[in-house]
Amino acid sequence: MLDLVIVGAGAAGIGAARAAREVGLSFELVEASHRVGGRAYTETLGPGWAFDLGCHWLHSASINPLRAQADRLGMRYRENVRRRVLQLGTRWASPEEIADYEQFWEDAHAAMNAAVREGRDVAVAEVVPRDSRWTDLHDYWTSLLTSADADQVSIADLVCYRDTEENWPLEAGYGTLVARLAEGLPVRLNSAVERIRWDGGGVRVETVRGDLEARAVLVTVSTGVLAAGDIRFVPSLPDWKQAAVTALALGVHNRIALVLEGNPFGDEHPYSVTWAHVGETPMNFILRPFGHDYVVASTGGRFAAWLERAGVEASVDLARTRLRDLFGADVARRVVGHKVTAWATDPWVRGAYSAAAPGGFGQREVLGRPLDDRLFFAGEAVSPDAFATCHGAFQSGLDAVARIAEVVRTG
Ligand SMILES: Cc1cc2nc3c(=O)[nH]c(=O)nc-3n(C[C@H](O)[C@H](O)[C@H](O)COP(=O)(O)OP(=O)(O)OC[C@H]3O[C@@H](n4cnc5c(N)ncnc54)[C@H](O)[C@@H]3O)c2cc1C
């Protein structure tokens with residue numbers, strides 16, 4: 001009988017396993033897929049050209065526990081990446097227009113904070129004006145921040161996010177950092193958990209490669225996986241826990257990387273450029289990350305879900321068209337390769353990250369609440385102030401093991 005089984009080797013499961021090893025718990029870390037990292041996953045597009053399919057930025061870097069891990073491992077990241085450019089249809093936005101948009105963003109957030117102080121927990125779209133020239137752009141960024149659309153996101157939850165506005169990309173990729181943190185941990189790959197029995201003493205975790213018995217289990221799979229019922233709980237999870245899973249559904253966020261022949265932008269180009277045209281869904285591009293010849297476009301919310309269903313070719317076509325709108329046909333013709341993510345249809349995640357539904361404030365605490373001191377939950381969705389992030393997931397794993405260690409010791 002083990003002390004603990006950890007289900008899922010994403011950032012939360014890896015954080016939990018490191019903490020369990022530290023405090024001397026006997027444990028197994030079981031992972032459904034052939035690799036560790038979950039939504040932290042880096043591939044390459046060329047020699048040394050890291051492309052993060054999932055998490056990319058060390059958000060809130062100065063208070064992000066993974067930054068210290070990156071430092072310890074000697075992994076480089078880039079600070080101060082704020083220089084942004086905006087194109088409005090066929091012309092570049094003036095500095096005054098960009099300032100005007102930034103003011104709209106500030107006002108929108110002030111309005112959300114004011115509404116929350118009045119005790120309202122409504123959708124972003126109910127508070128942020130619908131008739132501004134900047135509404136579409138604000139909605140687009142909301143869909144990237146939350147992976148859901150402005151009418152689907154709770155303002156009371158959103159304002160709890162602790163944002164220092166330091167978003168620093170790692171040169172070798174965030175997925176690489178998370179994979180390195182798993183080095184030396186005992187991980188059982190290709191071992192999907194099908195059923196968790198908590199009807200007797202302790203828990204029985206049934207995987208496709210055999211069963212494990214333990215004093216406690218820590219479930220770190222996404223709310224997409226929980227909502228789909230891919231893991232059967234016996235007895236079933238209580239209604240209040242299921243309601244929390246439903247209230248914290250995953251949205252969609254995808255990335256479209258286009259590999260270019262050479263550098264068409266010159267040495268002095270902005271970090272990112274957004275194409276925005278009234279009535280159309282905007283599209284942001286990161287240009288040549290760390291000086292490598294590719295660009296990355298991002299989609300979010302229902303639009304991302306729709307484009308994912310339309311397929312890789314449609315995604316690449318659209319991104320290439322937007323690149324042409326921004327920089328001209330010569331640049332668009334230099335696209336020589338691509339890689340496109342499909343998080344909604346990833347069977348081990350089923351979406352991007354959790355967005356609390358309007359009225360769903362407080363459900364993160366409910367989702368994280370243990371059952372009977374043996375069924376524990378971690379993952380980005382339980383983080384009160386760093387949800388939807390890799391560091392929030394990692395920290396939730398550390399916090400859960402601190403509680404589990406107490407229970408195991410006293411039990
Ligand atoms: C496109 C995109 C961009 C993002 N950008 C950022 C960013 O820039 N910065 C940032 O901080 N965060 C970002 N995030 C969010 C961040 O990646 C996640 O919040 C975080 O990685 C989630 O970690 P987790 O451990 O909670 O869940 P997961 O990473 O989903 O880990 C859960 C693990 O459980 C496994 N699993 C599933 N089912 C089973 C089963 N039945 N049995 C066993 N194992 C199972 C999965 O394979 C997975 O490995 C982004 C995410 C996406 C998708």
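This is a short talk that walks through one protein chain, from its overall build to a few single residues.

Hi everyone, and thanks for coming. Please keep in mind throughout that we are looking at a predicted model.

Let's begin with the whole chain. It has 14 helices and 19 strands. If you lay the C-alpha trace along its principal axes, it spans about 65 × 50 × 40 Å. Is that what a compact globule would give? What radius of gyration should we expect for 411 residues? A compact globule would come out near 22 Å, and the chain has 22 Å, so the two agree. Buried residues make up 46% of the 411 residues. Now take the contacts between residues at least 6 apart in sequence: 72% of them join residues at least 24 apart.

Next, the domains. The chain is divided into two, and each is built from separate stretches of sequence: domain 1 takes 2-40, 171-249 and 356-410, while domain 2 takes 84-165 and 251-345. Their C-alpha centres lie 31 Å apart. Twelve residues from domain 1 and twelve residues from domain 2 form the contact. On the domain 1 side, the residues touching domain 2 are eight nonpolar, two polar and two charged.

Now to the ligand. Where does it lie relative to the two domains? Both domain 1 and domain 2 give residues to the shell around the ligand, so it lies between them. There are 42 residues around the ligand, and those that come nearest are G8, G10, G38, C55 and W348. By class, the shell divides into 22 nonpolar, 15 polar and five charged residues. Helix α1, strand β14 (253-260) and helix α14 each supply at least two residues of that shell.

Let's stay with α14 for a moment. This helix covers residues 390-410, which makes 21 residues. How far apart should its ends be? At 1.5 Å a residue the helix should span 30 Å, and its end C-alpha atoms are 31 Å apart, which agrees. Which of its residues are buried? From the start of the helix we have C390, H391, G392, A393, F394, Q395, S396 and G397, and further along come A400, V401, I404 and V408. Several elements help to cover these buried residues. Among them are the helices α1 (11-23), α2 (65-72) and α7 (174-181), and the strands β1 (2-7), β12 (210-219) and β19 (375-377).

To finish, here are three spots in the backbone that you can find for yourselves.

The first spot is a cis peptide bond, which joins V234 and P235, with omega about -5 degrees. P235 lies in the loop between β13 (232-234) and α9 (239-247).

The next spot is N190, with phi near 50 degrees, a positive value in a residue other than glycine. You will find N190 in the loop between β9 (187-188) and β10 (193-197). N190 has 13 C-beta neighbours inside 10 Å, so it counts as partly exposed.

The last spot is R350, which is not a glycine either and has a positive phi of about 70 degrees. R350 lies in the loop between β18 (335-340) and α13 (363-368). Is R350 buried or exposed? The cut-off for buried is 20 or more neighbours, and R350 has 21 C-beta neighbours inside 10 Å, so it counts as buried.

That's my tour. Thanks for listening!

Terms used:
Residues are numbered from 1 along each chain as its sequence is written. This is a predicted model: local features need pLDDT of at least 70, side-chain atom pairs count only at pLDDT 80 or more; totals for chains, interfaces and linings use all residues. Domain bounds come from an automatic or database domain assignment. Two residues are in contact if their C-beta atoms, placed from the backbone, lie within 7 Å. Ala, Val, Leu, Ile, Met, Phe, Trp, Tyr, Cys and Pro count as nonpolar, Asp, Glu, Lys and Arg as charged, and the others, Gly among them, as polar. Helices (H or I, at least four residues) and strands (E, at least two) are DSSP runs, numbered from the N terminus. The expected span of a helix is 1.5 Å times one less than its number of residues. A residue is buried if 20 or more other C-beta atoms lie within 10 Å of its own, exposed if 12 or fewer, and partly exposed in between; C-beta atoms are placed from the backbone. A residue is near a molecule or strand if its C-beta atom, placed from the backbone, lies within 6 Å of it. The radius of gyration is taken over C-alpha atoms; the globule rule is 2.2 Å times the number of residues to the power 0.38.
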